[in-house]
Amino acid sequence: MRNLQKTFWTHLLPSTPNIPLELKCRDGSIVVGYEVVGSSGTSELLSGIEQMVEKAKTYLRQLYTLEENSFRVFGEAQCNSIAFGFGSENDEYTLPCSLGYIGNITVRCQPSGWHILEEMCVLSELEELKKNSRELARNSTDAEAAVSSLVQKLSMVIQQSPSTTAGNLASVVSILGNISSLRKSFTVSNSTMENVINIADHILNSASLTNWTVLLKKEKDASSQLLESLENISTLVPSTALPLTFSRDFINWKGIPVSANLSNQGYNYETEFPPQNTPSPITGHVSIGPGQFKKPLPHTIISMTSLTLGNILPIAENNNAQVNGPLISIIIPNSSIDEISLTFSKMKLNLSQPQCVFWDFSHLQWTDTGCHLENETANLVTCLCTHLTSFSVLMSSIVPPAIVPIVKWITFVGLGVSIGSLILCLTIQGLFWKQVNKNQTSHSRHICIVNIALCLLIADVWFIVAATVDTNSGVCTAAVFFAHLFYLSLFFWMLLLGFLLAYRVIFVFHHMATPLMVAVGFCLGYGCPLIISIVTFLVTQPSDGYKRKDACWLNWSDGSKPLLAFAVPALTIVAVNLAVVLLVLTKLWRPAVGERLAQDNKATVKRIGRSLLVLTPLLGLTWGFGIVTMADGQNLSWHVIFAFLNAFQGLFILCFGILLDSKLRQLLLNKLSPLSCWDQTSKKLSDSSVTLRFEKPFNPFQQKGCYVFSYTSESSHDIMLTQFSSAEQSGES
């Protein structure tokens with residue numbers, strides 16, 4: 001492959017100095033990737049590539065036989081990386097591993113980039129050690145020294161390796177398995193056991209979990225083999241070498257010799273790991289009470305705790321639970337107990353329904369036989385079991401499986417209605433914009449309503465995007481950011497509506513220029529949410545705590561809790577607006593002398609007050625039920641109410657922000673029924689006698705001045721009454 005690449009470059013470079021190439025093998029054929037450097041646009045890029053197609057085919061045919069359909073030109077490559085080259089969606093490549101590794105890697109092009117389907121790249125040194133470990137079974141002479149040397153070399157190779165590939169993981173599991181199969185013919189020294197723990201800590205690093213997922217697709221029992229090997233090797237440490245303690249980042253190990261008074265004292269074991277995106281350290285506690293040991297008494301007790309090993313042990317496909325605590329192994333050779341108490345620290349606080357389980361090696365699954373839940377607190381789960389093995393705790397998502405289809409149906413139907421309502425809301429505002437904006441107060445109110453509807457519409461669109469994309473993709477992160485931004489903007493425009501109401505009622509004689517008022521509104525309505533959203537992202541994203549692992553929304557379960565950056569401003573605005581409504585009602589009920597509003601402003605203020613009085617509690621209740629849902633996630637009613645209120649917010653804005661406005665409602669009715677208005681007009685115009693009607697008795701002598709009646713039969717059916725004041729009349733005369 002290397003010689004071919006050199007030859008191809010030699011032939012191609014003299015005529016195409018600006019086109020670097022990549023060569024990859026795909027099922028025995030040659031894949032040539034072109035990248036035009038310095039092109040001014042897509043058309044020039046494609047033109048440059050197409051000009052080279054025939055030349056490239058000619059050069060390659062001089063060296064190899066090419067199939068016509070094997071040479072492809074991408075208009076736009078869906079995937080492009082240095083490691084795997086170019087590809088379009090659903091392309092699968094099987095490529096040889098990089099230099100120093102043995103094996104192949106299979107990748108598929110997906111919308112988010114190249115995804116590894118299968119990878120068995122093994123370091124050549126590891127492959128050699130794997131062969132040596134097989135020889136130990138055939139030659140058991142001086143096994144202790146041979147095992148010690150092998151484990152020491154393995155530890156050095158693993159810790160010096162730049163990456164822990166799935167192939168490397170498989171080789172390490174195989175080597176440790178071969179060593180543990182010799183457990184009856186030798187003992188393990190302190191240094192050997194320490195090297196084994198160092199190896200385990202390296203391959204159980206949280207950064208290796210993705211590669212474990214790839215490996216488990218091919219070898220489902222690899223993680224179970226690792227756990228069994230670690231337990232078996234631990235039993236080979238003689239009591240004379242104990243006590244020993246090894247504390248690492250992802251695994252802790254402790255061994256003690258047993259004294260004669262063990263039955264009277266019992267056994268206690270405490271372990272702790274640093275916080276892993278959690279508010280407090282991850283802890284584990286084991287207690288075997290006095291009199292719980294069965295005779296004969298053991299010689300050693302080994303306690304081993306892993307932070308990540310439980311997460312890679314498979315869970316049944318029909319079980320939506322996940323491991324939510326450290327994996328604790330209690331190994332007591334040739335002995336048993338009556339009862340053991342285990343306390344686990346919860347890794348994720350948003351999970352519920354704890355189930356005490358142990359790992360069943362014979363059936364390769366988690367089982368709860370002989371274990372039951374003793375107690376649960378906000379951070380801890382305590383279990384009681386009647387046997388010894390490797391224990392942990394399974395917990396389910398806070399949303400019960402039975403609720404999920406109901407909530408999804410309500411959510412998506414509601415979002416469809418909400419988006420339609422918001423589009424209708426914006427359309428109505430656009431149709432009657434000039435008619436409704438007769439004064440500054442009305443103009444400002446309608447600007448707020450339009451932006452509230454627009455923000456919710458954009459947020460709903462991003463909500464749909466978030467519900468349909470992969471939670472590990474960059475699109476998911478973008479959806480979280482923009483949904484956060486525009487949901488916050490919705491609340492800040494609601495706050496502006498409240499400020500406008502208070503401003504018009506309290507500061508009756510104060511006047512602010514309309515451009516200044518609009519500028520302040522846009523700064524507060526979009527500027528503040530943008531700052532909050534950016535700061536939240538910058539603070540929490542580096543620690544991978546910005547969004548949830550199972551959904552595209554702000555995280556709540558981990559220590560950073562970025563969801564507070566939405567909940568706190570939103571609920572604060574709800575409280576402020578409710579206080580404003582109460583203040584305005586008090587002011588209108590008992591106005592000060594000389595502070596009565598003009599008739600137009602008073603009508604607009606009433607409309608603002610009605611909108612706030614209805615929308616503020618509805619929006620507040622929506623997110624209030626969201627908090628209740630997180631606190632009591634098993635209650636079906638909370639989920640249904642929250643999903644309903646959250647999904648139909650657009651309909652609420654249409655009803656209470658637009659249709660509740662009598663002026664807009666009348667304009668809309670007139671617009672929707674033009675024929676009835678025309679018939680009514682024709683009927684009135686055809687009447688030979690004109691009858692003057694007034695809503696109130698007309699008395700021209702009640703006010704000073706002259707009145708003129710005007711009637712135009714060609715253009716209007718209204719009688720117009722015009723008053724000229726005495727000053728105006730005298731001025732004209």
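**Loops, cores and a helix pair**

Asn334 sits in the loop between strand 16 (327-331) and strand 17 (340-345). The model in which it is seen here is a predicted one. Asn334 is not a glycine, yet it has a positive phi of about 55°. Its relative accessibility is 75%, and because the cut-off for exposed is over 50%, Asn334 counts as exposed.

A lysine from another loop can be placed beside this position. Lys295 is found in the loop between strand 13 (282-288) and strand 14 (300-306). Along the chain Lys295 and Asn334 are 39 residues apart, and their C-alpha atoms are separated by 9.7 Å. Lys295 is exposed too, with a relative accessible area of 74%.

Another asparagine, Asn90, also has a positive phi, near 75°, in a residue other than glycine. Asn90 lies in the loop between strand 4 (85-87) and strand 5 (92-96). With a relative accessible area of 55%, Asn90 is exposed.

These loops belong to a protein with 22 helices and 24 strands. Of its 733 residues, buried ones make up 44%. Contacts between residues at least 6 apart in sequence can be sorted by separation: 68% of them join residues at least 24 apart.

Where are the nonpolar residues gathered? The largest nonpolar core has 77 residues, and those with the most contacts inside it are Leu126, Leu154, Met193, Trp212, Leu226 and Trp253. Helix 5 (residues 166-180) gives the most to this core, contributing 8 residues. A second core, separate from it, has 44 residues, including Ile419, Cys455, Tyr487 and Leu495.

Trp253 shows what surrounds one of the core residues. Beyond its neighbours within four places in sequence, Trp253 is in contact with Met193, Ile197, Ser234, Val237, Leu242, Leu244, Thr245, Phe246, Ile302, Ser303 and Met304. Among these partners, Leu242 also takes part in a backbone feature: the peptide bond from Leu242 to Pro243 is cis, with omega near 10°. Pro243 is in the loop between helix 8 (222-234) and strand 10 (244-247).

Leu154, another of the residues with the most contacts inside the largest core, leads to a pair of packed helices, since Leu154 in helix 4 is part of the contact with helix 6. Two packed helices are described by the angle between their axes and the distance between the axes. For helix 4 (residues 143-160) and helix 6 (residues 190-203), the axes come within 9 Å and cross at roughly 30°. Angles under 35 degrees count as roughly parallel, and therefore helix 4 is roughly parallel to helix 6. The crossing of the two helices is left-handed.

Which residues meet across this pair? From helix 4 come Val147, Ser148, Val151, Gln152, Leu154, Ser155, Ile158 and Gln159, and from helix 6 come Thr192, Asn195, Val196, Asn198, Ile199 and His202. The residues of this contact divide into 6 nonpolar, 8 polar and no charged.

A last asparagine can be set against the two in the loops. Is Asn451 buried or exposed? Asn451 is placed in helix 13 (residues 440-468). Its relative accessible area is 6%, and because buried means under 20%, Asn451 counts as buried. Leaving out residues up to four places away in sequence, Asn451 touches Trp493, Phe522 and Tyr526. Asn334, by contrast, is exposed at 75% relative accessibility, and Asn90 is exposed at 55%.

Technical notes: Residues numbered from 1 in each chain as written. Predicted model: local features only at pLDDT ≥ 70, side-chain atom pairs only at ≥ 80, totals over all residues. Heavy atoms only, no water. Helix = DSSP H or I, 4+ residues; strand = E, 2+ residues; numbered from the N terminus. Buried < 20%, exposed > 50% of the residue type's maximum accessible area, 1.4 Å probe, protein only. Contact = heavy atoms within 4.5 Å. Axes fitted to C-alpha atoms, helices over the stretch in contact; angles between N-to-C directions. Parallel < 35°, antiparallel > 145°, perpendicular 65-115°, else oblique. Left-handed = near helix turned anticlockwise from the far one by under 90°. Nonpolar A, V, L, I, M, F, W, Y, C, P; charged D, E, K, R; others polar. Core = buried A, V, L, I, M, F, W, Y, C linked by side-chain atoms within 4.5 Å.
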